[in-house]
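Trainee: I'd like a close look at one helix and the way its neighbours pack on it. Please keep going until I have the whole picture.

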Amino acid sequence: MANQIETASTWIDASRRVVALTGAGISTESGIPDFRGPQGLWTKNPKAEKLSDIRHYMADPEVRRLAWQQRVAHPAWHARPNAGHLALASLEQSGKLHALVTQNIDGLHQAAGNSPDKVVEVHGTIHEVVCMRCQWRGPMQATLDRVRAGEEDPECRACGGILKSATISFGQPLIPEVIDRALRAAQEADLLLAIGTSLNVYPVAGAVPLAKAAGARVIILNAQPTALDDLADALLRGSIGEVLPQLVKRKPTRNISRA
Ligand SMILES: [Zn+2]
């Protein structure tokens, strides 16, 4: 494994256009639960999944009230970027990061210092709200303040429509322009780095075969086997917060001196 990390690290050193693709695994190390994974909240409790299904959300005010309570209590508000997030920020500082495609909605990449124009959020963001009728968008915290002040299901102040976090719920289509941008970036990569994702959710997982077909090297870093391990030039297991800083040769935050 140490050898593989060293080899993968030299590839990153030699590359100029890295596309990183991140999934829930990098956020769980910051204390944000993986809702969809094998141990996920929704997998273990199908009733909880109902809260994130757009059909129930639009039809049932009780579902919306519960969803707003969950948003008020969401772990993203207190989560901090971990060493894995910081490693990707340092990859951008080195000028090698072409795009950072993420399935996460928590904004931790931006919090770590990645610039918003490098981050492609294919499942949207919990940091904004959107009106389901007039498409008005605004900051989440201002709407959460209304919930805390007693509005159980705050409505759009422009049109009276239903508000929702600007995330992609079950039953909601992905945004074609965002997906196009992610897949185009993958085709332009000379190295694709898939981190903390099981790579079985399409079309985003398709970034990996697209990059490979365009000649990019593929590094997969995930705790469990992924659906696309066969395509990997290097397959790395282990903690993202431990492995990723070694890959990008980011100095550890703690000063480890060796005699
Ligand atoms: Zn509206």
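Mentor: Here's the helix with its two packing partners, followed by a quick detour to the metal site.

This is a predicted model, so local features need pLDDT of at least 70 and side-chain atom pairs 80 or more, while totals for chains, interfaces and linings use all residues. Numbering starts from 1 along each chain as its sequence is written, and side-chain values use heavy atoms, with hydrogens and water left out.

The helix to watch is α12, residues 240-247 (helices are DSSP runs of H or I, at least four residues, and strands are runs of E, at least two, numbered from the N terminus). Start with α7, residues 83-93: it packs on α12 at about 20°, and the two axes are 7 Å apart (axes are fitted to C-alpha atoms over the stretch in contact, with angles from 0 to 180 degrees between N-to-C directions). That makes the pair α7 and α12 roughly parallel (under 35 degrees; over 145 is roughly antiparallel, 65 to 115 roughly perpendicular, and the rest oblique). On the α7 side you'll find A83, G84, A87 and L88, which meet I240, G241, L244 and P245 of α12 (contact means heavy atoms within 4.5 Å). Sorted by class, that's six nonpolar residues, two polar and no charged ones, with Gly counted as polar and Ala and Pro as nonpolar.

Now swing round to α1, residues 2-14, where the angle to α12 is about 50° and the axes are 8 Å apart. α1 and α12 are therefore oblique to each other. From α1, the residues involved are I5, A8, S9 and I12, and α12 answers with V243, Q246 and L247. This contact of α1 with α12 has five nonpolar residues, two polar and, again, no charged ones.

For the detour, look at the zinc ion: its protein donors are the SG atoms of C131, C134, C156 and C159, 2.3 to 2.4 Å away (donors are N, O and S atoms within 2.8 Å of the metal, or 3.2 Å for Na, K and Ca). Along the chain, these donors follow the spacing C-x2-C-x21-C-x2-C. The angles among the four donor atoms run from 99 to 115°, and the zinc site is tetrahedral (four donors with all angles between 85 and 135 degrees). For reference, the ideal tetrahedral angle is 109.5 degrees. While you're there, check Q135, in the loop between β4 (124-131) and β5 (137-139): phi of Q135 is near 70°, a positive value in a residue other than glycine.

Notes. Tetrahedral: all angles 85-135°; square planar, octahedral: opposite > 155°, others 65-115°.
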